[in-house]
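Student: I'm new to this protein and would like a close look at one part of it. Could you choose a charged side chain, say how open it is to the surroundings, and work outward from there?

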Amino acid sequence: GSSGGLVLPLRAVPWVRAPSCLASHLLLVVRATMAKKRRRDPDDAGGSSTRGPPVATTSGRLGGGAGASDDWQTARRSWAAIAEVLGPAAREKRIWMPFYYDGACAEHLRELGFTRVHHKREDFFVQVRNPKFLKKVDLILDNPPYTSPEMKEAVLRALASTGKPFVMLLPISVLHVGFAREVLDTDKLQAVVPRRVYVRKTGGEEVPFKYLCWLCCGVRLKRDLILIDDDDDAAAAD
């Protein structure tokens with residue numbers, strides 16, 4: 001539309017075209033910034049990330065061990081809550097917990113009656129392509145690290161490729177993102193939404209997290225959406 005004033009072609013406006021020396025300077029600044037980032041970012045050098053879970057960047061490995069900022073131990077009470085939803089039959093299944101932190105999560109499940117739990121320090125992205133191993137798995141159940149949207153997508157794609165039922169604790173936003181709808185069979189998706197999920201670092205106090213959900217695929221729960229309270233809510237109701 002017209003504003004009624006004098007209109008000049010872009011080439012007539014002297015500040016539209018930056019001097020070549022300024023453009024060259026900006027390019028050098030950008031290159032220097034990127035180089036500085038690469039020097040301090042071990043991911044770009046083929047090492048292990050110190051910002052997220054222990055990820056060997058050559059393979060995308062997940063499941064390495066304690067000490068990573070995005071790795072947490074899910075508290076026993078949160079496992080108890082999802083175990084109740086899964087029902088008694090789940091306790092007889094061969095469970096694979098692929099994301100290793102300090103080993104305590106498998107102990108929590110065993111205390112809750114899950115007797116066939118595989119939870120070891122292994123390369124997740126290798127195991128999901130191992131047919132011999134997957135034949136021994138009935139259900140994949142875990143709380144993966146939330147390193148980045150890209151890692152969450154890679155994990156979901158890998159899980160979908162196995163064809164195995166899975167239950168993953170993820171940010172509730174996973175129900176909205178496009179890649180989840182693209183990768184997963186939405187007819188098989190269900191969600192269990194707790195009020196809070198309790199997690200801890202090794203030796204630390206429990207911390208309540210909100211806005212998470214257990215994303216279930218191929219599990220065949222009684223309802224597609226299940227809302228569960230936590231211990232504090234039940235105590236307040238009493």
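Tutor: Glu 153 counts as partly exposed in this predicted model, because its relative accessibility of 23% does not fall under the 20% that would make it buried. Its side chain meets that of Arg 157 in a salt bridge, with N and O 3.0 Å apart. Both residues belong to helix α6, which covers residues 149–162, and they sit 4 residues apart, or about one turn of the helix. Arg 157 is partly exposed too, at a relative accessible area of 36%.

Now stay with Arg 157 and look for another partner. Glu 182 also forms a salt bridge with Arg 157, and here the closest N and O atoms are 3.1 Å apart. This pair links distant parts of the chain, since Glu 182 lies in helix α7 (residues 178–183) and Arg 157 in helix α6, with their positions 25 residues apart in sequence. Glu 182 is exposed, because its 57% relative accessibility is over the 50% cut-off. As background, side chains of opposite charge can pair when their charged atoms come close. Elsewhere, salt bridges with shared partners join Arg 77, Arg 200 and Glu 206 into one network.

How many such pairs does the whole structure hold? A search finds 7 salt bridges. One of them joins Arg 76 and Glu 111, whose closest N and O atoms are 3.0 Å apart. Arg 76 is in helix α2 and Glu 111 in helix α3, so this pair ties together parts that are 35 residues apart in sequence. Arg 76 is partly exposed at 36% relative accessible area, whereas Glu 111 is exposed at 51%.

Helix α3 deserves a pause of its own. The helix runs over residues 104–111, and Ala 104, Cys 105, Ala 106, His 108 and Leu 109 are buried in it. So α3 offers both kinds of residue: Leu 109 is buried, while Glu 111 is exposed. The buried residues of α3 pack against β1, helix α2 (76–86), β2 (95–96), β3 (117–118) and β4 (139–142). After the helix comes Gly 113, which has a positive phi near 105 degrees.

One of those packing partners, β1, takes you to a sheet. Three strands form this open sheet in the order β1-β7-β8, with antiparallel pairing. Its edge strands are β1 (73–74) and β8 (207–209), and each of them pairs on one side only. In general, strands of a sheet pair through backbone hydrogen bonds, either parallel or antiparallel. In this sheet, β1 and β7 (residues 197–200) pair in the antiparallel sense over 2 bridges, and Gln 73 stands opposite Arg 200 in β7. You have already met Arg 200, as a member of the salt-bridge network with Arg 77 and Glu 206.

Finally, step back to the whole chain. It has 8 helices and 10 strands, and 40% of its 238 residues count as buried. Among contacts with a separation of 6 or more, residues 24 or more positions apart account for 69%. The Glu 182 and Arg 157 pair, at 25 residues apart, spans that kind of separation. As for the outside, the chain exposes about 14000 Å², and carbon and sulfur atoms supply 55% of that area.

Technical notes
Residues numbered from 1 in each chain as written. Predicted model: local features only at pLDDT ≥ 70, side-chain atom pairs only at ≥ 80, totals over all residues. Heavy atoms only, no water. Buried < 20%, exposed > 50% of the residue type's maximum accessible area, 1.4 Å probe, protein only. Contact = heavy atoms within 4.5 Å. Areas by Shrake-Rupley, 256 points an atom, 1.4 Å probe, with all protein chains shown as cover. Pairing = 2+ DSSP bridges. Salt bridge = Lys/Arg side-chain N within 4 Å of Asp/Glu carboxyl O.
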